[in-house]
Amino acid sequence: LTGTFTSYEQIIGQTSGAYGSLAMSNTSIMKVTYTVGTFANGETVSGQTSGATAIISGINNPDIQPLTSKVLYIDNVEAVSRSANTFEQAYLVLNV
């Protein structure tokens, strides 16, 4: 790792040309979202804003793949008027 990456900056793989948005990084882990292309092990990536660089030593694919499941249940609810000091709890159920 050389330099300090900036949150949400675009990173680009020097060999593959893959790119994505850096969601989080520290000295040993980078989480990249909205990727286009495939990063390669051993590849150097660089931050387009910060100029920081890092060498990829391992790639973990996410457990949940976006846009690969189906909707099991939808409930359309009428709008309800609420006062400013109320709150709601929402639950998201994922069936994997």
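**Notebook: an all-strand chain**

**Entry 1. Tyr34.** I began with Tyr34 and located this residue in strand S3. The model I am reading is predicted. I looked up the backbone of Tyr34 and noted a positive phi of about 50°, although the residue is not a glycine. Is Tyr34 buried or exposed? I found a relative accessible area of 74%; because exposed means over 50%, Tyr34 counts as exposed.

**Entry 2. Tyr8.** I then turned to a second tyrosine, Tyr8, which I placed in the segment before S1. Its phi is near 65°, again a positive value in a residue other than glycine. I recorded 63% relative accessibility for Tyr8, which therefore counts as exposed.

**Entry 3. Overall make-up.** I next listed the elements of the chain. There are 5 strands and 0 helices, and from the N terminus on the order reads β-β-β-β-β. The chain has 96 residues, and buried residues make up 17% of them. I noted an accessible surface of about 8,200 Å² for the chain, with 53% of that surface belonging to carbon and sulfur atoms. Among contacts with a separation of 6 or more, 38% are between residues 24 or more positions apart.

**Entry 4. The sheet.** In which order do the strands lie in the sheet? I read the order as S3-S2-S1-S4-S5, an open sheet of 5 strands with antiparallel pairing. S3 and strand S5 (53-55) are the edge strands, each pairing on one side only. Neighbouring strands of this sheet are turned against each other by 35° on average, direction ignored. Tyr34, from my opening entry, thus has its place in an edge strand, because S3 holds this residue and S3 pairs on one side only.

**Entry 5. Pairings of S2.** I followed strand S2 (residues 19-25) to strand S3 (residues 30-36) and found that 5 bridges join these antiparallel strands. The two form a hairpin, with 4 residues between them. Which residue of S3 is the bridge partner of Met24? I identified Lys31 as that partner. On the pairing with strand S1 (residues 10-13), I noted 3 bridges to S2, again antiparallel. There, the bridge partner of Gln10 is Ser21 in S2.

**Entry 6. The nonpolar core.** I looked up the largest nonpolar core and found 9 residues in all. The members are Phe5, Ile11, Ala18, Leu22, Phe39, Val45, Ala52, Ala54 and Ile56. In soluble globular proteins, nonpolar side chains tend to be buried together. I took Ala54 as one of these core residues and checked what it touches. Leaving aside residues up to four places away in sequence, Ala54 touches Leu1, Phe5, Met30, Glu43, Thr44 and Val45. Phe5 and Val45 appear in the list of contacts of Ala54 and also in the core.

**Entry 7. Thr4.** I closed with Thr4, which lies in the segment before S1. At 65% relative accessibility, Thr4 counts as exposed. Which residues does Thr4 touch, not counting those up to four places away in sequence? I found Ser50 and Ala52; Ala52 is also one of the core residues. I also looked up the distance from Thr4 to Gly51: the two are 47 residues apart in sequence, and their C-alpha atoms are 8.1 Å apart in space.

Conventions:
Residues numbered from 1 in each chain as written. Predicted model: local features only at pLDDT ≥ 70, side-chain atom pairs only at ≥ 80, totals over all residues. Heavy atoms only, no water. Buried < 20%, exposed > 50% of the residue type's maximum accessible area, 1.4 Å probe, protein only. Contact = heavy atoms within 4.5 Å. Areas by Shrake-Rupley, 256 points an atom, 1.4 Å probe, with all protein chains shown as cover. Pairing = 2+ DSSP bridges. Axes fitted to C-alpha atoms, helices over the stretch in contact; angles between N-to-C directions. Core = buried A, V, L, I, M, F, W, Y, C linked by side-chain atoms within 4.5 Å.
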